[in-house]
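Okay, thanks for coming, everyone. I'll put the structure up and then walk you through a few spots on it.

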Amino acid sequence: RRKEGAVAVLEHITDYELAKRLRHVAAEAARVARFAELCAGEQSAESVAELGRLLNDSHTSLDADYACSHPELNALVEAARAAGALGSRLTGAGWGGCTVSMVRADGVEEFLTTLRESFYA
């Protein structure tokens with residue numbers, strides 16, 4: 001019931017910058033709950049892919065709705081995804097330029113090498 005009320009409020013304040021912040025907070029809470037649910041369940045190709053999508057969706061929301069990313073941080077996230085990350089997003093407050101990326105264990109070395117060459121070179 002409480003969630004329904006929050007969603008109803010969000011629908012009526014779309015003209016305000018605050019609405020985007022609230023949308024991020026509400027959607028992020030749902031993403032975190034789903035992420036935890038997936039981690040607690042059986043691992044499958046589908047669940048791992050969904051975990052990556054949740055990370056990617058989180059970054060998109062942090063950038064577009066919460067406005068705490070930066071063009072260079074967005075470029076790092078894109079480079080990480082191109083280097084093989086299943087998902088990548090900013091972490092911390094965002095403005096510091098840190099990311100967390102989900103990479104298959106057998107692809108870590110290749111991921112790091114590719115990221116070094118494509119982003120840090």
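Before I point at anything, one term: I'm calling it a salt bridge when a side-chain nitrogen of Lys or Arg sits within 4 Å of a carboxyl oxygen of Asp or Glu. And please keep in mind that this is a predicted model.

So, with that rule, look at K20 and E17. Their side chains meet in a salt bridge, at 3.3 Å from N to O. Both residues are in helix α2, and because they are 3 residues apart there, about one helical turn separates them. How covered up are they? K20 counts as partly exposed, with 27% relative accessibility, and E17 is partly exposed too, at 44%. The pair also has company: E17, K20 and R21 are linked in a network of salt bridges. As a reminder, side chains of opposite charge can pair when their charged atoms come close.

Let's step back for the overall layout. The protein has 5 helices and 2 strands. Going along the sequence, the order is α-α-α-α-β-β-α. There are 121 residues, and 31% of them count as buried. The accessible surface comes to about 7,800 Å², with 57% of that belonging to carbon and sulfur atoms. Now for contacts: if you take those with a separation of 6 or more, 50% are accounted for by residues 24 or more positions apart.

Back to helix α2, which runs over residues 17-40. How far does α2 reach? From its first C-alpha to its last, its 24 residues cover 35 Å, close to the 34 Å expected at 1.5 Å a residue. Several side chains along α2 are worth clicking on. A19, H24, E28, R31 and L38 are buried. L18, on the other hand, counts as exposed, because its relative accessibility is 53% and exposed means over 50%. L18 also joins Y16 and L22 in a nonpolar surface patch of about 320 Å².

Further along the helix is R34, and R34 has two partners I'd like to show you. One is E37, where the closest N and O atoms are 2.2 Å apart. R34 and E37 are both in α2, 3 residues apart, so that's about one turn of the helix. The other partner is E50, and there the salt bridge is 2.8 Å, N to O. E50 is in helix α3 while R34 is in α2, so this pair ties together parts that are 16 residues apart in sequence. R34 itself is partly exposed, at 28% relative accessibility. If you search the whole structure, you'll find 8 salt bridges, and I'm just showing you a few.

Now follow me into helix α3, residues 45-64, and find H59. Buried or exposed, H59? H59 is buried: its relative accessible area is 4%, and buried means under 20%. What does H59 touch, leaving out residues up to four places away in sequence? The list is S69, N74, V77, R81, S88, R89 and L90.

Next is G87, which is in strand β1, residues 87-91. G87 is buried as well, with a relative accessible area of 0%. Which residues does G87 touch, again not counting those up to four places away in sequence? Those are G52, L55, N56, V100, S101 and M102. Take N56 from that list: N56 and G87 are 31 residues apart in sequence, yet their C-alphas are 5.3 Å apart in space.

Last stop, the aromatics. How many aromatic pairs are there? The count comes to 1. That pair is F119 and Y120, with ring centres 4.9 Å apart and planes at 85°, so it's edge-to-face. The angle cut-off behind that label is over 60 degrees. F119 is partly exposed, at 28% relative accessible area, whereas Y120 counts as exposed, at 54%.

That's my tour. Shout if you want me to zoom back in on anything.

Definitions and conventions. Residues numbered from 1 in each chain as written. Predicted model: local features only at pLDDT ≥ 70, side-chain atom pairs only at ≥ 80, totals over all residues. Heavy atoms only, no water. Patch = residues over 30% accessible without salt bridge, like charges linked within 9 Å, V, L, I, M, F, W, Y side chains within 5 Å. Areas by Shrake-Rupley, 256 points an atom, 1.4 Å probe, with all protein chains shown as cover. Helix = DSSP H or I, 4+ residues; strand = E, 2+ residues; numbered from the N terminus. Buried < 20%, exposed > 50% of the residue type's maximum accessible area, 1.4 Å probe, protein only. Contact = heavy atoms within 4.5 Å. Expected span 1.5 Å × (residues − 1). Phe/Tyr/Trp six-rings, centres within 6.5 Å; stacked < 30°, edge-to-face > 60°.
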